[in-house]
Amino acid sequence: MSVLFFWMVFICFWFSSKAQNSGSHATDLSPLKDFSEQLYPRSSFSDWDFDSGNCCNWSGITCNNSSRVARLELGNRGLSGNISESLGNMEQLIVLNLSHNLFEGSIPNTILHLPNLEVLDLSSNLWNGWFPITMNLPSLKIFNVSINRIGGPVPVGICINSSNISILDLTDNDFNGVLLPDVGNCISLKELLIASNDLSGELPENLFLLHNLEDLYLQENRFSGQLSDSIGKLSKLVNIDLSLNNFSGHLPDVFDRFEQLGYFSAQSNRFTGRMPDSLANSQTITSLSLRNNSLNGTININCSAMVSLVSLNLATNDFHGPIPETLSNCPKLKIINFARINFSGQVPESFKNFSSLSSISLSNSSISNLTGALEIFQHCQNLTTLILTMNFKGEDMSSCYNLQFPGLRIFVIPYCGLRGPIPEWLNGCSKLQLLDLSWNEFSGSIPPWFGNMSSLFYLDLSNNRLVGEIPKELTEMQSFIDDTISLEEASSDIPFFMRRNCTGPSSKYRQVRSFPPTLALGNNHLNGSIWPGFGNLKELHVLDLNHNNLSGPIPSSLSEMRSMEFLDLCFNNLNGSIPPSLANLTFLSRIHRARVWF
């Protein structure tokens with residue numbers, strides 16, 4: 001009897017389980033159908049067969065043990081359209097991920113009241129309009145609506161009704177008004193990411209109650225006022241970015257309270273006073289940027305303490321005094337940006353021992369003795385980027401034959417009024433990718449060995465006093481011919497600027513490889529003809545030969561420069577007609593040809 005009872009119970013359980021797993025709960029099928037019918041492309045839902053009655057095996061859907069939809073994950077599928085309000089009926093949803101699509105319109109209010117939702121990711125879409133006034137997501141842990149067009153105030157109730165939230169990401173939207181007044185209730189918050197909005201006002205004091213906070217990204221808003229000493233209460237912070245706001249006053253001297261702070265950026269604000277001692281002695285910071293403020297005094301970096309420092313950007317401040325000699329004692333320091341600081345004196349002799357240094361900008365920093373600086377920097381065995389713009393006024397360019405920079409990839413030294421010929425030691429810089437000697441007073445001819453520099457893809461010799469013919473070897477530069485040449489990106493946190501003339505706007509580049517391949521020889525005294533071989537330079541984007549004494553016809557072979565975007569031949573003595581084949585340069589946005597004589 002007991003055996004028979006056991007089998008009856010087993011069979012009943014088996015049929016019950018089979019029935020449960022063979023279909024989805026009807027409550028979820030209806031909203032899923034409404035949802036899919038409003039979206040494109042329909043091919044993304046090719047396996048959503050509503051006649052089967054079972055959605056648990058459909059792509060993008062995961063069900064729980066009760067055959068209810070627990071996860072709806074349709075990120076990065078190119079979907080467009082509006083989201084159905086009926087999704088709010090799927091009350092068992094734990095994860096809703098619709099990121100990296102083309103959804104537009106307003107976010108449905110109903111999905112902001114799902115009682116079990118833990119992850120809501122609507123990032124990288126085209127949502128617009130104001131965010132719904134209220135939301136009630138009591139189980140929410142991750143909330144991401146970054147990279148959209150959402151405006152209005154930050155939604156009320158996030159930190160009241162979602163106190164377990166750990167990640168709040170509103171980055172790159174149009175939110176305005178003040179920061180969440182109830183932010184102090186988000187006691188579990190680890191990441192507060194609200195960069196690139198239009199938020200303003202002072203930071204609320206209850207922000208500093210978030211003792212679990214690790215990442216605080218407030219950059220590119222309009223926050224103002226002084227930075228409170230209370231920020232030191234957030235001892236678990238790892239990354240802080242306050243850049244591009246209107247903060248003012250002194251930086252608080254509380255950086256010794258941060259146990260693991262690695263990244264601190266407060267650039268482009270209105271901070272004043274000296275760098276706090278606790279910041280200049282931080283043992284954990286790897287990247288420090290205070291660029292574009294009004295900080296003053298001497299640079300008091302303590303390399304004995306700052307053993308983790310890798311990148312230091314103090315450009316455009318009111319610091320004074322000499323370049324600190326002790327910087328070479330920072331064991332991991334690789335990148336320095338001291339541009340637009342009014343230093344006195346020369347590059348310290350101690351920099352000969354700066355073995356970790358890879359990139360440095362001393363642009364417009366009032367230093368002198370170029371020959372001495374180059375003799376010192378050649379000892380920096382890992383140096384790849386050297387920017388010395390607007391210094392050494394009227395000095396001679398060092399012609400020392402024994403200078404050696406075997407690893408140098410970027411050398412920028414325009415607007416210095418340097419005299420003399422282009423130095424031969426540059427021929428030994430076999431890894432050079434970008435060389436800018438423009439706006440100086442270099443004389444003599446252009447060395448033919450530039451044609452042998454296989455990695456050089458940006459050469460600017462414009463606005464000098466160079467004479468003679470353009471070396472034919474320049475028409476054989478491999479980086480302008482072959483787009484398969486692999487160029488190693490020089491490691492640098494230093495922004496690069498390019499300006500076509502002294503009064504025009506400049507273009508900013510974060511990476512050197514973003515520069516257009518360029519050969520700029522304009523505003524010199526070059527003569528002779530334009531080599532037909534320039535047509536071989538199929539990867540060249542900019543060719544500037546303006547304001548020289550070039551003569552003869554415009555070669556029709558220039559039409560073979562298939563990547564050309566900017567061609568300037570103006571103010572020469574060219575003759576003949578403009579080759580009709582130049583119309584084949586489909587990428588050409590501008591051609592200057594004034595004083596091209598016919």
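The following exchange introduces selected features of this predicted model.

Trainee: How many disulfides does the count come to?

Mentor: A disulfide is a covalent bond between the sulfur atoms of two cysteines. In this structure, the bonded cysteines of the protein, numbered in sequence order, pair as 1-2, 3-4, 5-6. The count of disulfides comes to three.

Trainee: Which cysteine forms a disulfide with Cys56, and what is the handedness of the link?

Mentor: The sulfur atoms of this pair are 2.2 Å apart, and the partner of Cys56 is Cys63. The angle about the S-S bond is -95°. The link of Cys56 and Cys63 is therefore described as left-handed.

Trainee: Why does the sulfur of Cys55 form no bond with the closest cysteine sulfur?

Mentor: A disulfide requires sulfur atoms within 2.5 Å. The cysteine sulfur closest to that of Cys55 belongs to Cys63. Cys55 is itself buried, at 0% relative accessibility. The sulfur of Cys55 is too far from that of Cys63 for a bond, because the distance is 4.5 Å.

Trainee: How many residues apart in sequence are the parts that Cys159 and Cys186 tie together?

Mentor: Cys159 and Cys186 are joined by a disulfide with an S to S distance of 1.9 Å. Cys159 lies in helix 3, whereas Cys186 lies in the loop between strand 12 and strand 13, so the parts they tie together are separated in sequence by 27 residues.

Trainee: Are Cys303 and Cys330 buried or exposed?

Mentor: A disulfide joins Cys303 to Cys330, with 1.9 Å from S to S. Cys303 lies in the loop between strand 22 and strand 23, and Cys330 in the loop between strand 24 and strand 25. As to accessibility, both Cys303 and Cys330 are buried.

Trainee: Which residue forms a salt bridge with Glu441, and in which strand does that residue lie?

Mentor: Side chains of opposite charge can pair when their charged atoms come close. For Glu441, the closest N and O atoms of the salt bridge are 3.8 Å apart, and the partner is Arg465. Glu441 belongs to strand 31, and Arg465 to strand 33.

Trainee: In the salt bridge of Glu539 and Arg562, which residue counts as buried?

Mentor: The side chains of Glu539 and Arg562 meet at 2.8 Å, N to O. Glu539 is in the loop between strand 37 and strand 38, while Arg562 is in the loop between strand 39 and strand 40, 23 residues apart. Arg562 has 46% relative accessibility and counts as partly exposed. At 12% relative accessibility, the buried residue is Glu539.

Trainee: Which residues are linked in a network of salt bridges?

Mentor: The count of salt bridges comes to eight. One of the pairs is Lys352 with Glu349, whose closest N and O atoms are 2.8 Å apart. The residues linked in a network are Asp28, Arg68 and Glu91.

Trainee: Which side chains of strand 39 point to one face and are buried?

Mentor: In a regular strand the side chains alternate between the two faces of the sheet. Along strand 39, Asn549 and Ser551 point to the other face and are not buried. The buried residues are Leu550 and Gly552.

Trainee: In what sense do strand 37 and strand 41 pair with strand 39?

Mentor: Strand 37 pairs with strand 39 over two bridges, and Asn527 stands opposite Asn549. Strand 41 also pairs with strand 39 over two bridges, with Gly552 opposite Leu574. For each of these pairings, the sense is parallel.

Methods: Residues numbered from 1 in each chain as written. Predicted model: local features only at pLDDT ≥ 70, side-chain atom pairs only at ≥ 80, totals over all residues. Heavy atoms only, no water. Buried < 20%, exposed > 50% of the residue type's maximum accessible area, 1.4 Å probe, protein only. Helix = DSSP H or I, 4+ residues; strand = E, 2+ residues; numbered from the N terminus. Pairing = 2+ DSSP bridges. Salt bridge = Lys/Arg side-chain N within 4 Å of Asp/Glu carboxyl O.
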